[in-house]
Amino acid sequence: MGFFEKLKKGLTKTKENLIGKIDNAIKSFTKIDEDLMDELEEILISADVGVSTSMELIDNLRESVRSKKMKDPKEVANELKELMKNILLEKKYEQKPEQEKPNVILVAGVNGAGKTTSIGKISKLLTSQGKKVVIAAGDTFRAAAIDQLEIWAKRAGADFVRQREGSDPAAVVYDAIVASKARSADYLICDTAGRLHNKKNLMMELNKIYRVIKRELPQSRVETFLVIDATTGQNAVNQAEVFSEAIDVDGIILTKLDGTAKGGIIFSIYKQLNIPVKYIGVGEQIDDLKDFDEEMFVNAMFAE
Amino acid sequence: MAIFEGLSSKLQDIVNKLKGKVRITEKDIKEVMREIRMALLEADVNYKVVKDFTNSVTEKALGSDVLESLTPGQQVIKIVYDEMTALLGGTTAKLTYSSKPPTVYMLVGLQGSGKTTSCGKIANLLRKDNKKPLMVACDIYRPAAIKQLQVVGSQLNIDVYAEENNKNAVAIAENAIKHAQRNGYDPVLIDTAGRLHINEELMQELRDMKAKVKPMEILLVVDAMTGQDAVNVAKSFSEELGIDGIILTKLDGDTRGGAALTVKTVTGKPIKFASVGEKLNDIEPFHPDRMASRILGMGDVLSLIEKAQESFDEKKALEMEQKLRSKGFDLNDFLEQMEEMQKMGPLDQLLGMIPGFDSKAMKGLSVDENRLKRIKAIIQSMTKKERSNPDIINASRKKRIASGSGTEVQDVNRLLKDFEQVNKLMKMMNKKGKRGLKGMKNMPFPF
């Protein structure tokens, strides 16, 4: 199964839940009225699009109905889909230019979002392009997180730098920086322990890791990714905001998108925080992570 | 910042709006319900659950008793609170034990919801009841998942049953039960692999396991941050496997945990535990009434008191009270109190439970745990004499203490000033009240 098919399949439920419901709702209305608008708003909210983003979408929709003098509910449905597409197409992940080696990728997120697995998959993506990758085992807190990552590193064919559980993660990253330089690696990927964004000291610890990287590799391209579980509700917006303060998040890795009625949160994140999605994960296999392509996502989601 | 306001502060705004009113009209109630609806939706409570909730509250609030009561504002709040408590499950639910040991519990849930950590936490909790738990590693899929449970087990000193090379989770679970019977373990906690509720093959594995090990309870582990999809997760696990209870994890985050309302309503099964931190003892029985009052911004008074009781030694409190009455409070006591307090958990968590502590005002006010550490270091760098008689600390002593504790002289000064104030406060209280320290527990923290 190609990735597009997988993506389409993964999004089937989201589609059914969001687009399918919109189409169904439209069918039961013969004219455009407030009930229709309420119905549409409800559909958006129940797909995790979020209250404020949903309300904004509906307000814009009302405006369009007025200015374009729409009469047919079908037109309304298409207009809403256009508005939603536009949110995603407004912002695209812009790859910063490569500088001196190694390129650094720092991955962070709350507990259980899928950081370690995502790193395994990103590493595989890079090694299969012939890049030399070093992985830093920066999650020194969770039991057996280091072992878990080491297995992924082996699968991906990447070098692995680790210390003991409980050691200072910034020190692990520092070691990995030295190792990356010595082995002239193309990429250094740093894992970090899962942390809830409202824990001040843990966010400071994360910021320290970021500063160590910036200080030791001032000439390198540093990309910072926040991993978000697609099942997450509106809290994802808080996560993105606070993590951005600590590590200036460049892009989001949206994981577990192979499930059910989820992923609506992506609209909230685009709308409210303007952080683009860089990768999406649609399965448990090592190849199930790909660059996020807004067009492809929109096409898969809105495909007939 | 709008997105930072929790449900609690949102509802508090609403409640305040109603507070001043003598008479509430139907229009008032409608308006309030609209805001409650929005607040609950933003807290990720499922759409349908919200609808049912607001409908039933509106109905009750519209009853003539309320409208004609002298304090309709309070009445409406009470109805909201009562309904929310009822929705969350009424009273506290406990784990049930089998009459024929060992009692078997299965933990199931999505990837990353926190099964393995919860497994350790619950085993640890049950051990406090003089049980000899056994944890079973049945996550044969995720790399190092078995190792993770083993590490948790060794941290807690609780035995773990694992078969590294067995690729049949059901067989491992069966063997574990036999192992438990032979060696007198009870209860047995089975940690299963994370899975999507739509993954037919893996759901079948759970059904097979259930048929073989006949668990007393199947506990569904749910991340408190889950969005609208919580409804589907809860429904699928409940309908396809059957569950007996719910464990709500990551409640120490800033999510208001709307998922809690959803899963409880959808499954009809009680939430039995709340996981509230990264340490292995950060788990509590779930109290629906407290959760409801927390959501409504009434503070989690009961939790706070319970926590204080668990970690604060009665005898020490009595000693301290006597000391206070006889000659006053010295730096040794100050240090001791601080240590007791740290046992209770992170300070911001504790403060959040105090009623009247506006969650809005709390934002930005971060409690600096490091400052506590520094204060501890300073006191520990003092001699015994200095600690019991801080008046003798002169400039050169201060210098020595500062360098001994790795701080500045200003830090030492600040501590001494803080201490002086606490002491004044204590003396005042001592004169005033006969209740003394014991009645107040360890109240006066200067931070």
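A salt bridge here is a side-chain nitrogen of Lys or Arg within 4 Å of a carboxyl oxygen of Asp or Glu. Keep that in mind as you open this predicted model, since the tour starts with such pairs.

**Stop 1: a link between two helices of chain A**

Select A:Glu56 and A:Lys271 and show their side chains. They meet in a salt bridge, 3.5 Å from N to O. A:Glu56 belongs to helix 3 (residues 51-67) of chain A and A:Lys271 to helix 10 (residues 265-273) of chain A, so this pair ties together parts that are 215 residues apart in sequence. Now turn on a surface. Are these two buried or exposed? A:Glu56 counts as partly exposed at 35% relative accessibility, and A:Lys271 counts as partly exposed at 32%.

**Stop 2: along helix 3**

Stay on helix 3 of chain A and select A:Arg66 with A:Glu63. Their side chains form a salt bridge of 3.3 Å, N to O. Both residues sit in helix 3 of chain A, three residues apart, about one turn of the helix. An α-helix has 3.6 residues a turn, so residues three or four places apart point the same way. With the surface still on, check each partner: A:Arg66 is exposed, with a relative accessible area of 55%, while A:Glu63 is partly exposed, at 45%.

Next, add A:Glu34, A:Asp59 and A:Arg62 to your selection. These residues are linked in a network of salt bridges.

**Stop 3: the open sheet of chain A**

Switch to a cartoon view of chain A. What is the strand order of the open sheet? Its eight strands run in the order 3-2-4-1-5-6-7-8, with mixed pairing. Look for the edges at strand 3 (159-161) and strand 8 (289-291) of chain A, each of which pairs on one side only. From one strand to the next, the twist averages 25 degrees. Strands of a sheet pair through backbone hydrogen bonds, either parallel or antiparallel.

For an example of one pairing, select residues 100-109 and 220-229 of chain A. These are strand 1 and strand 5, which run parallel and are joined by seven bridges. Pick A:Ile105 and look across to strand 5 of chain A: its bridge partner there is A:Glu223.

Then bring in helix 9 (residues 235-247) of chain A. This helix lies across strand 1 and strand 5 of chain A, running at about 160 degrees to strand 5.

**Stop 4: two backbone details in chain A**

While strand 1 is on screen, select A:Lys101 and A:Pro102. A cis peptide bond joins them, with omega about -5 degrees. A:Pro102 has its place in strand 1 of chain A.

Now move to A:Lys256, in the loop between strand 6 (251-255) and helix 10 of chain A. Although A:Lys256 is not a glycine, its phi is positive, about 60 degrees. A:Lys256 is also buried, with a relative accessible area of 16%.

**Stop 5: backbone details in chain B**

Cross to chain B and select B:Asp186 and B:Pro187. Here a cis peptide bond has an omega of about 0 degrees. B:Pro187 is found in the loop between helix 8 (169-183) and strand 4 (188-192) of chain B.

B:Asn157 is next, in the loop between helix 7 (145-156) and strand 3 (159-161) of chain B. Its phi is near 65 degrees, a positive value in a residue other than glycine. B:Asn157 counts as exposed, at 66% relative accessibility.

**Stop 6: helix 11 of chain B**

Select residues 258-267 of chain B. How many of the ten residues of helix 11 are buried? Eight are, so-called mostly covered. Among them are B:Ala259, B:Ala260, B:Leu261 and B:Val263, along with B:Lys264. Just after helix 11 of chain B comes B:Gly268, whose phi is positive, near 75 degrees.

**Stop 7: a last pair in chain B**

Finish with B:Glu386 and B:Arg400. Their side chains meet in a salt bridge of 2.9 Å, N to O. B:Glu386 lies in helix 19 (residues 384-388) of chain B and B:Arg400 in helix 20 (residues 395-405) of chain B, so the pair ties together parts that are 14 residues apart in sequence. B:Glu386 is buried, at 0% relative accessible area, whereas B:Arg400 counts as partly exposed, at 35% relative accessibility.

To keep exploring, hunt for other pairs: a search of the whole structure finds 30 salt bridges over all chains.

Terms used
Residues are numbered from 1 along each chain as its sequence is written. Chains are lettered from A and ligands numbered from 1 in the order in which they are written. This is a predicted model: local features need pLDDT of at least 70, side-chain atom pairs count only at pLDDT 80 or more; totals for chains, interfaces and linings use all residues. Side-chain values use heavy atoms; hydrogens and water are left out. Two strands pair if DSSP finds at least two bridges between them. Helices (H or I, at least four residues) and strands (E, at least two) are DSSP runs, numbered from the N terminus. Axes are lines fitted to C-alpha atoms, for helices over the stretch in contact, and angles run from 0 to 180 degrees between N-to-C directions. Contact means heavy atoms within 4.5 Å. Buried means under 20% relative accessible area, exposed over 50%, partly exposed in between (1.4 Å probe, protein chains only).
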